[in-house]
Amino acid sequence: MGDAKNFPALKNDLILRAAWGQPTEKVPVWIMRQAGRYLPEFREFRKNHSFFEICRTPDLACEVTLQPLRRFDLDAAIIFSDILVIPQALGMEVEMRPGVGPVLPDPLKDPNDLSKLTCPCDVQQQLGYVFEAISLTRHTLDGKVPLIGFAGAPWTLMCYMIEGGGSKTMSLSKGWLYRWPEESHKLLKILTDVIVEYLVGQIKAGAQLLQVFESNAEYLGPRMFNTFSLPYLKEIKERVSQLAVEQNLPKVPMILFAKGSCSVLGAISNAGYEVISLDWTIDPKVGRETVSSDTTLQGNLDPCALKAGTAEIEDMVKEMIQSFGTHRYIANLGHGIYPDINPDNVKVFVDSVHEVSDKHNKKNS
């Protein structure tokens with residue numbers, strides 16, 4: 001693991017300033033899943049390497065992380081990995097099947113299966129390859145932009161571990177919450193402990209921002225979200241921040257992305273995260289009115305909007321920036337980029353964010 005004191009000086013701190021609420025000359029922009037299947041060079045790379053081989057091999061993960069930075073004027077890199085490395089670290093098998101996505105062949109069927117999990121989990125031993133990839137990438141970036149680390153949130157990981165993959169209803173996972181609430185909390189606590197240690201390890205390794213993905217928030221109503229998701233999201237933020245102070249680590253802003261969180265946006269805004277990322281179903285003005293004024297917002301262009309023409313994308317970016325404003329704002333999509341998006345349209349999106357926000361700031365200066 002590299003010594004943080006030896007990392008190259010940062011040349012573009014735009015996203016960090018936005019996250020902390022400091023003035024920025026233009027709006028920073030990055031894209032969830034920016035290193036991935038929409039890039040022809042990534043698809044070519046995958047012909048020779050399996051998905052988890054890339055995740056587990058630091059120099060391969062570093063190379064893929066850097067691919068979008070060579071094409072686009074992005075303001076951040078995000079380490080190439082997957083949220084399901086945590087179930088793997090807990091002893092579960094995870095496969096990435098072509099045309100299907102992640103599959104866990106032996107999911108948790110009832111609370112008796114909790115005994116199959118490797119607890120306690122040696123995070124350094126099981127996930128050290130991610131830390132190595134982060135340190136290597138920090139050095140290889142040479143300070144061009146900050147590097148984002150991430151983890152899946154407990155409820156989202158629980159869903160994969162019980163459903164055995166993706167689901168349109170999360171019926172099995174929600175069934176646990178209703179049938180076995182105590183055991184559900186036990187599993188969520190196991191996951192929380194691993195996530196906290198994992199995120200602190202990422203800071204040690206050189207991550208400069210952290211994002212927590214609660215991608216399955218939309219399947220919970222307000223009462224269930226406030227019971228089985230929000231307390232753990234708060235705990236993660238509080239413990240990671242406290243451990244960073246205790247271990248004399250750099251102060252790192254944290255981003256919370258809870259997809260489908262319209263009904264609980266107010267509660268999420270009080271979870272303590274410096275940045276709240278919004279999906280495309282939330283009106284930017286509603287986001288600004290609901291979320292605390294000392295919290296930065298991120299988002300929220302519909303990923304499918306990148307299938308539009310150049311002029312339409314430029315117009316949508318203008319509207320988005322006018323709605324969010326240029327202070328305490330990080331431009332992004334409202335979810336991960338789709339595999340069939342034309343990279344040329346990504347360039348239009350990224351460049352438009354910079355151009356529109358730069359003009360806006362100069363006009364109002």
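A crossing of two helices is right-handed if the near helix is turned clockwise from the far one by less than a right angle, and left-handed if it is turned anticlockwise. With that in hand, let's walk through this predicted model.

Q: Is the crossing of α4 and α6 left-handed or right-handed?
A: The two partners are helix α4, residues 58-71, and helix α6, residues 123-141. Their axes lie 8 Å apart. The crossing of this pair is right-handed.

Q: Is α4 oblique or roughly parallel to α6?
A: Helices α4 and α6 pack at an angle of about 50 degrees. Angles under 35 degrees would count as roughly parallel, and 65 to 115 as roughly perpendicular. The α4–α6 angle falls in neither range, so the term for α4 relative to α6 is oblique.

Q: How many charged residues does the contact of α4 with α6 have?
A: From α4 come P58, D59, A61, C62, T65 and L66, and they meet Y129, E132, A133, L136, T137, T140 and L141 of α6. Sorted by class, eight of these residues are nonpolar and three are polar. That leaves the charged class, and its count is two.

Q: Is α7 oblique or roughly perpendicular to α8?
A: Helix α7 covers residues 154-163 and helix α8 covers residues 171-179, with axes 8 Å apart. Their packing angle is about 110 degrees. Since 65 to 115 degrees is the range that decides this, α7 is, with respect to α8, roughly perpendicular.

Q: How many nonpolar residues are in the contact of α7 with α8?
A: The α7 side supplies W155, M158, C159, I162 and E163, while the α8 side supplies S171, L172, S173, K174, W176 and L177. Two of these residues are polar and two are charged. The nonpolar ones number seven.

Q: At roughly what angle do the axes of helix α9 and helix α11 cross?
A: Here α9 spans residues 181-205 and α11 spans residues 230-246. The crossing is right-handed, and the contact includes L199 and V200 of α9 together with V240 and L243 of α11. The axes come within 9 Å, and they cross at roughly 35 degrees.

Q: Is V240 of helix α11 buried or exposed?
A: V240 is found in helix α11. Leaving aside neighbours within four places in sequence, V240 is in contact with V196, L199, V200, I203, L210 and M254. Its relative accessible area is 2%, and the cut-off is under 20%, so V240 is buried.

Q: What is the relative accessibility of Q88?
A: Q88 sits in helix α5, residues 85-89. Not counting residues up to four places away in sequence, Q88 touches F52, R56, V94 and Y129. Q88 counts as buried, with a relative accessibility of 12%.

Q: How far apart are the end C-alpha atoms over residues 148-164?
A: In the unreviewed UniProt entry, the annotation "domain: Uroporphyrinogen decarboxylase (URO-D)" covers residues 28-37 and 148-164. Over residues 28-37 the chain is 0% helix and 0% strand, with end C-alpha atoms 23 Å apart. Residues 148-164 are 59% helix and 29% strand, and their end C-alpha atoms are separated by 27 Å.

Methods
Residues numbered from 1 in each chain as written. Predicted model: local features only at pLDDT ≥ 70, side-chain atom pairs only at ≥ 80, totals over all residues. Heavy atoms only, no water. Axes fitted to C-alpha atoms, helices over the stretch in contact; angles between N-to-C directions. Helix = DSSP H or I, 4+ residues; strand = E, 2+ residues; numbered from the N terminus. Contact = heavy atoms within 4.5 Å. Parallel < 35°, antiparallel > 145°, perpendicular 65-115°, else oblique. Nonpolar A, V, L, I, M, F, W, Y, C, P; charged D, E, K, R; others polar. UniProt positions renumbered as here; feature names shortened; annotations may be inferred. Buried < 20%, exposed > 50% of the residue type's maximum accessible area, 1.4 Å probe, protein only.
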